[in-house]
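Below is a set of questions and answers on how the labels given to this structure are earned. Each answer sets a value beside the rule behind it.

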Amino acid sequence: MNVNALFSTPVGVKDIPIDTSKMLETCLEIEKNDPSIRSFSTPGGVEDKIIYTSHPDATHILDHPDFTLLKSVIISEVRIFTHMIGIDNRGVKLSRSWFNIQKKHSTVAQHNHKHGVISGAFYVYADEDAAPLTFASPLLSHKINEPRGDMQGITDNNFKDEWYNIEARTGKLVLFPSWLEHYVAHNNSDCRIAISFNFS
């Protein structure tokens, strides 16, 4: 029998060969000087600054001079990506951009970007133990009655996937439809910095 993979979800991944050192320095400087910096509790209940998010309405980070090259690369890659997946991009523009600095033990809850068309992440810095970006299957709620588990003779394939990890690595760009749910599970690294953005 032929089995067709229908209604695929596109996710674009590309390594961008640009120097991120000045962008890293800028993100850390903005965090250091932000009076609205927030503290979060670690799982043990100890107050600790384990995640920082720049305010997207106050800081459109891709408009900062140190991100000019990255902004042009992202705009170009989004044009290519939307063309490849059949989205008319003539009215689609960069609408918001911000960054997260995650420390050890931090997480980002599952969410989507409701008002966007295409969203993405670019890793300014991610060390070896940085948590991946995890995408949740949009079909999961529809498959609630399907028996799960390993059965002898059942082929392991992507029809069974409930989530998919994309490694966080310095210089990596990830693009995806804004409706696609995603999250960052427990981060074991000392520093994980991602630029996030929406095209609407």
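Q: Which strands each supply at least two residues of the lining of the largest pocket?
A: β8 and β9 do. Strands here are DSSP runs of E with at least two residues, and helices are runs of H or I with at least four, both numbered from the N terminus. The largest share of this lining, 3 residues, comes from β9.

Q: How do you know where these values come from, and how are residues counted?
A: This is a predicted model, in which local features need pLDDT of at least 70 and side-chain atom pairs count only at pLDDT 80 or more, while totals for chains, interfaces and linings use all residues. Residues are numbered from 1 along each chain as its sequence is written, and side-chain values use heavy atoms, with hydrogens and water left out.

Q: What makes the space a pocket, and what is the volume of the largest pocket?
A: On a 1 Å grid over the protein atoms alone, a pocket is an open set of points with protein on both sides within 12 Å along at least five of seven lines; a cavity is a set of points where a 1.4 Å probe fits but cannot get out. Grid points are joined across faces, edges and corners, and the volume is the space filled by probe spheres set on the points. By that rule the largest pocket holds about 720 Å³.

Q: Which residues lie nearest the centre of the largest pocket?
A: They are S8, T9, S137, P138 and N158, out of 22 residues in the lining. A lining residue has an atom within 4 Å of a point of the pocket.

Q: How many residues of each class are in the lining of the largest pocket?
A: There are 15 nonpolar, 4 polar and 3 charged residues. Ala, Val, Leu, Ile, Met, Phe, Trp, Tyr, Cys and Pro count as nonpolar, Asp, Glu, Lys and Arg as charged, and the others, Gly among them, as polar.

Q: What is the volume of the second largest pocket, and which residues are closest to its centre?
A: The volume is about 550 Å³. Of the 31 lining residues, W98, N100, V108, H111 and H113 are the closest to the centre. The largest share of this lining, 5 residues, comes from β5. By class, the lining divides into 13 nonpolar, 14 polar and 4 charged residues.

Q: Why is L140 called partly exposed?
A: Buried means under 20% relative accessible area, exposed means over 50%, and partly exposed is in between, with a 1.4 Å probe and protein chains only. L140 has 39% relative accessibility, so it counts as partly exposed. L140 is found in the loop between β8 and β9. L140 and E162 are 22 residues apart in sequence, and their C-alpha atoms are 6.4 Å apart in space.

Q: Why is β7 called largely enclosed?
A: In β7, 8 of the 9 residues are buried, so this strand is largely enclosed by the rest of the structure. For the protein chain, buried residues make up 38% of the 200 residues.

Q: What makes β7 a paired strand, and how many bridges join β7 to β10 and to β12?
A: Two strands pair if DSSP finds at least two bridges between them. β7 and β10 run antiparallel and are joined by 5 bridges, and β7 and β12 pair in the antiparallel sense over 8. A121 stands opposite V174 in β10, and Y125 stands opposite I193 in β12.

Q: How do you know that β8 pairs with β9 and with β11?
A: β8 and β9 have 4 bridges, and β8 and β11 have 2. Both counts satisfy the rule of at least two bridges. The bridge partner of L133 in β9 is I166, and that of T134 in β11 is Y183.

Q: What is the strand order of the open sheet that holds β8?
A: The order of its 4 strands is β6-β11-β8-β9, with antiparallel pairing. The edge strands are β6 and β9, each of which pairs on one side only.

Q: Which way do the residues of β8 point?
A: L133 and F135 point one way, T134 and A136 the other, and all are buried. In a regular strand the side chains alternate between the two faces of the sheet.
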